Structure formats: C-alpha cells, structure tokens
Amino acid sequence: LLENEFKVYNFAYNGYGTHHALSILYHNAEESIIEYEPKHFFYMAIPDHVNRNINIKKDWGHYGAKFLLDENGEANFEGYFHELPLTLYEEFRNKLFESEIFQKFHGIGGLDPDVDLFIAMIDKMQDIIKKKYPNCEFHVIYWEHEGKDIGKLLDNKITSRLKKKENEWNIHYMSKLIPDFGESHDHQIYFPFDGHQKEYMNDTIANYIVRTIKNKKHMQASN
C-alpha cells in the first residue's frame with residue numbers, strides 16, 4: 001500500500017482514548033521508538049473517547065492517565081485514575097450516570113465539561129507536537145456516530161465543537177472520507193463481536209491518509 005514511501009508508526013490499541021495518545025506525547029514515550037522526525041500526525045477520534053478519557057470504562061481504563069481542565073480551560077496531567085480520589089464533580093457525574101432516567105434520555109457519558117476536556121486534550125496534543133516537531137502537521141480524523149439512537153446526542157456535541165476548530169486543526173470526517181458512510185454495510189466495516197473495524201476500513205483510511213499527504217506535497221510543489 002505505502003510502497004516503502006512512508007515510514008509509519010502506529011501507537012493505537014483497542015480501548016485507547018485521547019488520554020493515552022496525549023500521555024504518550026506528554027511523557028515523550030514516542031521518542032525512544034521513532035527514527036525520523038515526523039511530518040504528519042494523525043489522531044483518530046471516536047465519540048466514546050469522551051467517556052474513556054474520564055474512566056467510565058473502568059473494566060480496562062483504571063490505570064489510564066488522568067487529565068483535568070484547569071481554570072484556563074487547559075488539559076493538565078494529574079496522575080493516574082487508580083491513584084487519585086474523585087473530585088466533587090466526578091462524584092456527582094458518576095451518580096448521575098447511574099440514573100436509569102438519565103440513561104434513557106441522554107445515554108451514559110457526554111456531559112458538556114467532559115466534551116470540553118476531550119477538545120482541550122486534542123488542543124494539548126497539537127501544542128506539544130508543534131513545539132517538539134515544528135515541521136509536523138497535525139490531523140484529526142473523526143469517526144462520527146452512525147446510528148440515530150441516543151448516542152447521536154454526544155456525536156452532535158462533538159461535531160459542534162470540532163466545527164469551531166476547523167481553522168486551527170486539519171479535521172477529516174469519516175462521512176466525507178467514505179461516500180456511503182452510515183449505510184447498511186456493517187459486514188464490511190465491523191467485526192460483530194467487538195465493533196472494531198475490519199481490514200477493509202483500515203485499508204480505506206490508510207489510502208485516504210496517503211492521498212492526503214501526496215496531495216499536500218503536490219500542492220506545495222505547484223506553489
């Protein structure tokens with residue numbers, strides 16, 4: 001696929017969230033692995049990252065890095081979930097998420113402060129990349145929620161925030177990347193047992209990334 005033209009480093013793993021991506025950069029973990037200064041950084045975001053970032057997924061996220069917003073709206077590393085007590089807001093939020101009435105009309109997760117944290121963490125990623133790798137372009141690929149169920153509420157919140165960031169970030173939406181995104185072709189996209197994408201989707205995304213980089217090079221050469 002890449003015809004040896006690009007050197008790719010993939011730091012993703014099933015169940016990861018924005019906090020894992022940011023923690024890697026924050027703690028300079030990538031420096032011992034990469035051999036060349038990166039030219040492009042792609043972060044793939046999904047709605048559920050909002051919930052993973054606040055440790056709703058306690059069955060696997062208990063030892064993840066914890067980031068909180070400061071008074072200036074900036075995401076700061078505080079430690080790890082298993083080491084830190086809950087804030088008053090977190091205690092209130094967790095009780096709210098236990099409410100069946102709340103779940104029925106809102107779903108689990110996706111409160112405005114948590115979406116704000118999600119956006120601030122992506123901002124922090126870009127800031128770190130700009131400082132460490134000045135010639136590196138930062139990209140966000142957002143995999144929207146495809147259904148029309150309660151999960152669309154969170155998706156709408158995220159999309160609204162992302163629209164405001166389009167002048168600051170290179171944002172790519174899956175619905176534009178794939179013409180028939182959201183149609184009835186789940187058999188091509190997802191594994192039925194865990195909901196992660198199949199090889200077809202990985203190839204589609206990889207091809208899109210390569211085209212994006214090549215088109216950018218072509219435009220720079222033309223200018």
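# Salt bridges, rings and a buried helix

Biologist: How many salt bridges does a search of the whole structure find?

Modeller: The search turns up 14 salt bridges. Keep in mind that this is a predicted model.

Biologist: What makes Lys 124 and Glu 74 a salt bridge?

Modeller: Their closest N and O atoms are 2.5 Å apart. The cut-off is 4 Å between a side-chain nitrogen of Lys or Arg and a carboxyl oxygen of Asp or Glu, so the pair qualifies. Lys 124 sits in helix α6 and Glu 74 in the loop between β2 and β3, so the bridge ties together parts 50 residues apart in sequence.

Biologist: Why is Lys 124 called buried?

Modeller: Lys 124 has a relative accessible area of 12%. Buried means under 20%, so Lys 124 earns the label. Its partner Glu 74 comes in at 38%. That value falls between 20% and 50%, so Glu 74 is partly exposed.

Biologist: Why would side chains like these pair at all?

Modeller: Side chains of opposite charge can pair when their charged atoms come close.

Biologist: How do you know that Lys 157 and Asp 112 meet in a salt bridge?

Modeller: The N to O distance is 3.1 Å. With a limit of 4 Å, the pair therefore counts. It links distant parts of the chain, with Lys 157 in helix α7 (residues 152-163) and Asp 112 in helix α6, 45 residues apart.

Biologist: What makes Asp 112 and Arg 161 a salt bridge?

Modeller: Here the closest N and O atoms are 3.8 Å apart. That is still within 4 Å, so this one is a salt bridge as well. Asp 112 in helix α6 and Arg 161 in helix α7 are 49 residues apart.

Biologist: Which residues are linked in a network of salt bridges?

Modeller: The network takes in Asp 112, Asp 116, Lys 157 and Arg 161. Within it, Arg 161 has 19% relative accessibility. The line for buried is under 20%, so Arg 161 is buried. Asp 112, at 39%, lands between 20% and 50% and so counts as partly exposed.

Biologist: Let's move on to the rings. Why is the pair of Tyr 26 and Phe 67 called edge-to-face?

Modeller: There are two values to look at. The ring centres are 6.1 Å apart, and the limit for a pair is 6.5 Å, so the rings do pair. The planes make an angle of 85°, and over 60 counts as edge-to-face, so that is the name. Tyr 26 is in helix α1 and Phe 67 in strand β2, so the pair ties together parts 41 residues apart in sequence. The total count comes to eight aromatic pairs.

Biologist: Are Tyr 26 and Phe 67 buried or partly exposed?

Modeller: Phe 67 is buried, at 2% relative accessibility, whereas Tyr 26 is partly exposed, with 37%. Ring pairs link both of them with Phe 77 and Tyr 80 into a cluster.

Biologist: What makes Lys 163 lie over the face of Tyr 173?

Modeller: Lys 163 is 4.6 Å from the ring centre. The distance limit for a charge over a ring is 6 Å, so that part of the test is met. There is an angle limit too, within 35 degrees of the ring normal, and Lys 163 is listed as lying over the face.

Biologist: Why is α1 described as largely enclosed by the rest of the structure?

Modeller: Eight of its nine residues are buried, so the description follows. Among them are His 19, His 20, Leu 22 and Ile 24. The buried residues of α1 pack against β1 (40-45), α2 (49-52), β2 and α6. Just after α1, Asn 28 takes a positive phi of about 60°.

Biologist: How do you know that Asn 76 makes a polar contact with Asp 70?

Modeller: The two side chains are 2.9 Å apart at that contact. The limit for such N or O pairs is 3.5 Å, so the distance fits. Asn 76 lies in strand β3 and also touches Lys 66, Phe 67, Leu 68 and Lys 124.

Biologist: And why is Asn 76 called partly exposed?

Modeller: Asn 76 has 23% relative accessibility, and buried needs under 20% while exposed needs over 50%, so Asn 76 falls in between.

Biologist: What makes the contact of Asp 123 with Trp 169 polar?

Modeller: Their side chains meet at 3.3 Å, within the 3.5 Å allowed for N or O atoms, so the contact counts as polar. Asp 123 lies in helix α6 and touches Lys 165 and Glu 168 too.

Key
Residues numbered from 1 in each chain as written. Predicted model: local features only at pLDDT ≥ 70, side-chain atom pairs only at ≥ 80, totals over all residues. Heavy atoms only, no water. Helix = DSSP H or I, 4+ residues; strand = E, 2+ residues; numbered from the N terminus. Polar contact = N/O pair within 3.5 Å; in protein donor to acceptor, adjacent residues only side chain to side chain. Contact = heavy atoms within 4.5 Å. Buried < 20%, exposed > 50% of the residue type's maximum accessible area, 1.4 Å probe, protein only. Phe/Tyr/Trp six-rings, centres within 6.5 Å; stacked < 30°, edge-to-face > 60°. Lists of a residue's contacts leave out its neighbours within four places in sequence.
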